[in-house]
Amino acid sequence: MVRTILGIEGMMCGMCEAHINDALRKNFAVKSVKASRKKRNCVILSEEELDRAALEKTIAGTGYELTSVESGPYVKKGLFG
């Protein structure tokens, strides 16, 4: 699993978060996606690394600004892990 954190500017409300979430689910094979206007980011879990150019295009298409992209391996931690 890969965790990708996108820095996003311009989200003002819950509908903005939903708009980002829907666009990412529609354009990428993701396991989980959660945008936060308060944190100004979006956390994505996916099986494979996501294409940065495609992410930029998708976010720009929603009318928001992509400010950063960080990705790395994600290991789910269990109760005793």
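The following questions and answers go through a predicted model of one protein chain.

Reader: In what order do the helices and strands of the protein chain run from the N terminus on?

Author: The protein chain has 2 helices and 4 strands. Read from the N terminus on, the order of these elements is β-α-β-β-α-β.

Reader: How does the radius of gyration of the protein chain stand against the globule rule?

Author: For 81 residues the globule rule gives 12 Å, and the chain is close to that, so it is as compact as a globular protein of that length. The C-alpha atoms fill a box of roughly 40 × 25 × 20 Å along the principal axes. The radius of gyration itself is 13 Å.

Reader: What share of the 81 residues of the protein chain counts as buried?

Author: A residue is called buried when its relative accessible area is under 20%. The chain as a whole exposes about 5,500 Å², with carbon and sulfur atoms supplying 50% of that area. Of the 81 residues, the share that counts as buried is 35%.

Reader: Among contacts between residues at least 6 apart in sequence, what percentage joins residues at least 24 apart?

Author: A contact here means heavy atoms within 4.5 Å. Among the contacts between residues at least 6 apart in the protein chain, those that join residues at least 24 apart make up 66%.

Reader: Which residue of β3 is the bridge partner of Ser36?

Author: Strand β2 covers residues 32-36 and strand β3 covers residues 41-46; the two pair in the antiparallel sense over 5 bridges. Within this pairing, Val33 is matched with Ile44 of β3. For Ser36, the bridge partner in β3 is Asn41.

Reader: Which residue in the hairpin of β2 and β3 takes a positive phi?

Author: The hairpin has 4 residues between its strands. One residue there has a phi near 60 degrees, and that residue is Arg40.

Reader: Which residue of β3 stands opposite Val2?

Author: Strand β3 also pairs with β1, in the antiparallel sense and over 6 bridges. In β3, the residue opposite Val2 is Ser46.

Reader: How many of the 6 residues of β3 are buried?

Author: Strand β3 pairs with β2 and also with β1. It is largely enclosed by the rest of the structure, because the number of its 6 residues that are buried is 5.

Reader: Which residues of helix α2 are buried?

Author: Helix α2 spans residues 52-62, and its buried residues are Leu55, Thr58, Ile59 and Thr62. Seen down the helix axis, these buried residues fall within an arc of 95 degrees, so they line one face of α2. Their cover includes β1 (2-9), α1 (14-27), β3 and β4 (65-73). The buried residues asked for are thus Leu55, Thr58, Ile59 and Thr62.

Reader: Which residues are exposed on the other side of α2?

Author: Exposed means over 50% relative accessible area. On the other side of α2, the exposed residues are Lys57, Ala60 and Gly61.

Reader: What is the phi of Gly63, the residue that follows α2?

Author: Helix α2 ends at the residue before Gly63, which follows the helix. The phi of Gly63 is positive, near 95 degrees.

Reader: How many disulfides does the structure hold?

Author: A disulfide needs two cysteine sulfur atoms within 2.5 Å. Cys13 is in no disulfide, as the nearest cysteine sulfur, that of Cys16, is 3.7 Å away. Cys42 is in no disulfide either, and its nearest cysteine sulfur, also that of Cys16, is 13 Å away. The number of disulfides is 0.

Reader: Is Cys42 buried or exposed?

Author: Cys13, at 31% relative accessibility, counts as partly exposed. Cys42 has a relative accessibility of 0%, so it counts as buried.

Reader: How far apart in space are Leu79 and Val33?

Author: Leu79 is in the segment after β4, and it is exposed, with a relative accessible area of 76%. Leu79 and Val33 are 46 residues apart in sequence. From C-alpha to C-alpha, their separation in space is 22 Å.

Reader: What distance separates the C-alpha atoms of Pro73 and Ala60?

Author: Pro73 lies in strand β4, where it counts as exposed at 77% relative accessibility. Ala60 is one of the exposed residues of α2. Pro73 and Ala60 are 13 residues apart along the chain, and their C-alpha atoms are separated by 25 Å.

Methods
Residues numbered from 1 in each chain as written. Predicted model: local features only at pLDDT ≥ 70, side-chain atom pairs only at ≥ 80, totals over all residues. Heavy atoms only, no water. Pairing = 2+ DSSP bridges. Buried < 20%, exposed > 50% of the residue type's maximum accessible area, 1.4 Å probe, protein only. Arc of directions from axis to C-beta. Rg over C-alpha atoms; globule rule 2.2 N^0.38 Å. Areas by Shrake-Rupley, 256 points an atom, 1.4 Å probe, with all protein chains shown as cover.
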